[in-house]
Amino acid sequence: MRMTFIRDLTDGDQVEDVFLVSARSLRQKKNGEHFLTMTLRDCTGTLSAVCWEDASTFQEIAEPGAVVRATGRFERHERWGAQLTVQALTTAEECDYKLADLVEAPPLDVESMEEDLRRLIETVQNRSLRRMLDELFGEDSETWQRFRRAPAAKFYHQAYSHGLLEHTLSVGQAVHAISNCFPGIEHDLAVTGALIHDIGKIEAYAQDPTAIDLTDAGKLQGEIPLGYYLVRSTIERLGGFPPELARGLLHILLSHHGTYENGSPVTPRTREATIVHAIDNLGGKLGSFDRLQKGLQDGETWTQYDRAIEGSAWFPQADGEAEVPLAPAAEPLSAASGE
């Protein structure tokens with residue numbers, strides 16, 4: 001049975017529990033000796049850990065994806081933040097843990113998300129786009145089976161099995177809802193672009209729930225080129241796809257990171273590409289807030305600095321509104337006053 005989750009650790013706690021290793025790095029001190037840094041995780045968040053002794057031995061145990069029993073002291077440093085100083089590390093036995101305690105999962109039921117995605121696909125009336133979506137997301141499609149299980153990222157947002165489905169659904173639903181709020185947006189193109197914008201991640205990320213990492217293809221080619229090839233080859237295989245429609249759809253995929261610095265080979269040049277990029281960026285940022293909030297201890301309102309949001313996140317207490325008095329309402333204007 002698990003004793004303590006990462007979210008519940010307090011300064012000075014002596015820890016002896018089971019964690020999943022997300023990452024490790026063997027480093028060197030100024031005197032030439034080695035030490036080991038690790039990222040440990042459970043279903044409530046991640047934890048930085050350091051081993052000052054026996055670094056080489058612990059490195060062999062702490063392979064990414066390994067389940068380990070770590071013994072050490074948890075501290076909150078002013079400079080380094082929350083950190084576990086590991087004194088002992090062993091391979092955990094299967095009887096020592098439940099996998100559900102170690103890996104995150106989407107907050108929504110997977111079957112419900114799939115039903116919502118299929119309802120969203122039904123809003124697309126363009127025949128060519130529907131043929132392509134049915135080819136990629138049909139229940140018997142190998143692409144769909146991989147898409148359904150894939151993570152949305154390695155760390156920053158929805159970094160767990162079915163995370164790509166969760167992220168894609170939220171982006172697609174938002175694009176569907178907002179497409180009628182601005183003139184000139186082609187609903188079917190925008191929604192289809194939202195649904196396929198991250199499809200390259202099924203090739204870019206290994207689908208092991210205990211060790212989310214980039215595949216060789218992901219490292220060598222990147223998710224956008226992989227997604228572009230998958231969607232374009234599907235369009236060509238189907239045949240009869242209108243060329244302008246194909247160009248517009250592929251442009252959404254190629255530009256959805258928004259800038260060259262963020263990995264887009266082109267920047268958004270259409271209304272549909274612009275809206276998909278904006279909603280995708282928003283979804284990723286809000287996913288980071290979800291991740292950060294899971295790691296807060298009871299009573300905490302601020303997180304440590306986080307690179308994804310370029311700052312610390314604030315989560316006010318639920319009763320915080322009662323502590324801030326509302327400004328008095330303005331007196332209604334009198335019709336007789338002429339104002």
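In the predicted model, strands β4 and β5 run antiparallel and are joined by 10 bridges. The connection between β4 and β5 is a hairpin of 3 residues. Within this pairing, Gly72 stands opposite Val86 of β5. Strand β4 spans residues 67-77, and strand β5 covers residues 81-91.

Both strands belong to a closed barrel of 5 strands, in which the order is β1-β2-β3-β5-β4 and the pairing is mixed. Averaged over this sheet, neighbouring strands are turned by 50 degrees against each other when direction is ignored. On its other side in the barrel order, β4 is followed by β1 across the closure. Strand β1, comprising residues 14-28, pairs with β4 in the antiparallel sense, and 7 bridges link the two. Asp17 has Ala70 of β4 as its bridge partner.

Strand β5 also pairs with β3, here in the parallel sense and over 3 bridges. Two residue pairs illustrate this contact: Ser48 stands opposite Gln83 in β5, and Val50 stands opposite Thr85 in β5. Strand β3 itself is formed by residues 45-51. Of the 7 residues in β3, 5 are buried, and the strand is accordingly described as mostly covered. In a regular strand, side chains point alternately to the two faces of the sheet.

The remaining neighbour of β3 in the barrel order is β2. Strand β2 (residues 34-42) pairs with β3 in the antiparallel sense through 7 bridges. Met38 stands opposite Ala49 of β3 in this pairing. A hairpin of 2 residues leads from β2 to β3. Strand β3 is thus paired in the antiparallel sense with β2 and in the parallel sense with β5, in keeping with the mixed pairing of the barrel.

Beyond the barrel strands, the helical part of the chain includes a contact between α9 and α10. Helix α9 comprises residues 223-238 and helix α10 residues 243-255; their axes come within 9 Å and cross at roughly 160 degrees. Because angles over 145 degrees count as roughly antiparallel, α9 and α10 are therefore roughly antiparallel to each other. The crossing of these two helices is right-handed. On the α9 side, the contact is made by Ile224, Gly227, Tyr228, Val231, Arg232 and Ile235, which meet Ala246, Leu249, Leu250, Leu253 and Leu254 of α10. By class, the residues of this contact are 9 nonpolar, 1 polar and 1 charged.

A further contact involves Lys285, which is located in helix α11 (residues 271-294). The relative accessibility of Lys285 is 34%, so this residue counts as partly exposed, a class lying between the limits of 20% and 50%. When residues up to four places away in sequence are not counted, Lys285 touches Ala308 and Ile309. The C-alpha atoms of Lys285 and Ala308 are separated by 7.1 Å, and the two residues are 23 residues apart along the chain.

Methods
Residues numbered from 1 in each chain as written. Predicted model: local features only at pLDDT ≥ 70, side-chain atom pairs only at ≥ 80, totals over all residues. Heavy atoms only, no water. Axes fitted to C-alpha atoms, helices over the stretch in contact; angles between N-to-C directions. Helix = DSSP H or I, 4+ residues; strand = E, 2+ residues; numbered from the N terminus. Parallel < 35°, antiparallel > 145°, perpendicular 65-115°, else oblique. Left-handed = near helix turned anticlockwise from the far one by under 90°. Contact = heavy atoms within 4.5 Å. Nonpolar A, V, L, I, M, F, W, Y, C, P; charged D, E, K, R; others polar. Pairing = 2+ DSSP bridges. Buried < 20%, exposed > 50% of the residue type's maximum accessible area, 1.4 Å probe, protein only.
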